Amino acid sequence: MRTVSDRNVAEQVADELRAAIHSGELAPGDRLVERTLAERLGVSHIPVREALTRLAEERLIVREPRRGARVAELTASDLEQISSLRVVLEQFMAIRVQERWNADAAARLGAVVDAMGAAAPGDIDEVLRQDRLFHETLADLAEHRFLDEISSQLRGRIAGFIRAANDALDVEEQEQHVRSHQEIVDAIASGDPVRARTVIAEHVARAVERITPTDGDPS
């Protein structure tokens, strides 16, 4: 995390903490002590408190009476609910992109997949950066602001877990991960909505398989 300036301090602190959670720098279950965070970011405790309130509203952290705040953990039930909703939203997104499909859309998504495929074996940072860009590009091409906001929030809830799971990918699995994104592009380009929905569901299901809930809660 970087030291932040005095401008829009609470928002900047929230951005820094959110990025640290998404990247795995702050892991599920880690305690978030206001004084420690304030010293680390070079700000007072007030914007840190405001930032933690925002992240609690986003459910990226949990705040408990007399125990402070900690990074949210993921139960099996959380994962099932988030992932099932992601399938519905991303299928809808894919169909909207399919309805608007043109050479520009093909070029933009193709460039992201190519960049993902060009990542060196084991360079998970680059793979995840391109993965995030791929889904952001899909959302942009879908031309639906509220869908973009909701989808981004859901992906943000599990970003840290996806990062941890993808850290363990071997070379073959990394290549398969890239191919799965090409499959999405091909399905959208086919003009077949059934194929697009099927490929999206399979893509999300594979992501779920790589994530192990932190507490093993089967409920």
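**Positive phi values, a small sheet and a charged patch**

At a relative accessibility of 56%, Arg-59 counts as exposed, because the cut-off for that class is over 50%. The model is a predicted one. Arg-59 sits in the loop that runs between α3 (45-57) and β2. Its backbone is worth checking in a torsion plot: phi of Arg-59 is near 65 degrees, a positive value in a residue other than glycine. Most residues other than glycine have a negative phi.

The loop with Arg-59 leads to β2, and from there the sheet can be laid out. Three strands form an open sheet, in the order β1-β3-β2, with antiparallel pairing. Its edge strands are β1 (31-32) and β2 (61-64), each of which pairs on one side only. Strands of a sheet pair through backbone hydrogen bonds, and the pairing can be parallel or antiparallel.

Between β2 and strand β3 (residues 68-71) there are 4 bridges, and these two strands run antiparallel. Two opposed pairs help to fix the register. Ile-61 stands opposite Val-71 in β3, while Glu-64 stands opposite Gly-68 in β3. The two strands β2 and β3 make a hairpin, with 3 residues between them. Arg-66 lies in that turn and has a positive phi of about 65 degrees.

Another positive phi occurs between two helices. Glu-143 is found in the loop between α6 (124-142) and α7 (145-166). Although Glu-143 is not a glycine, its phi is positive, at about 55 degrees. With a relative accessibility of 57%, Glu-143 counts as exposed, because exposed means over 50%.

The last stop is a group of acidic residues. Asp-170, Glu-172, Glu-173 and Glu-175 gather on the surface in a patch of negative charge. One of them, Glu-172, lies in helix α8 (residues 171-189). Glu-172 has a relative accessible area of 60% and is therefore exposed, the cut-off being over 50%.

Taken in turn, the sites to inspect are the loop before β2, with Arg-59, the hairpin of β2 and β3, with Arg-66 in its turn, the loop between α6 and α7, with Glu-143, and the negative patch that includes Glu-172.

Technical notes. Residues numbered from 1 in each chain as written. Predicted model: local features only at pLDDT ≥ 70, side-chain atom pairs only at ≥ 80, totals over all residues. Heavy atoms only, no water. Patch = residues over 30% accessible without salt bridge, like charges linked within 9 Å, V, L, I, M, F, W, Y side chains within 5 Å. Areas by Shrake-Rupley, 256 points an atom, 1.4 Å probe, with all protein chains shown as cover. Salt bridge = Lys/Arg side-chain N within 4 Å of Asp/Glu carboxyl O. Lys, Arg positive; Asp, Glu negative; His and termini not counted. Charge placed at Lys NZ, Arg CZ, Asp CG, Glu CD. Buried < 20%, exposed > 50% of the residue type's maximum accessible area, 1.4 Å probe, protein only. Pairing = 2+ DSSP bridges.
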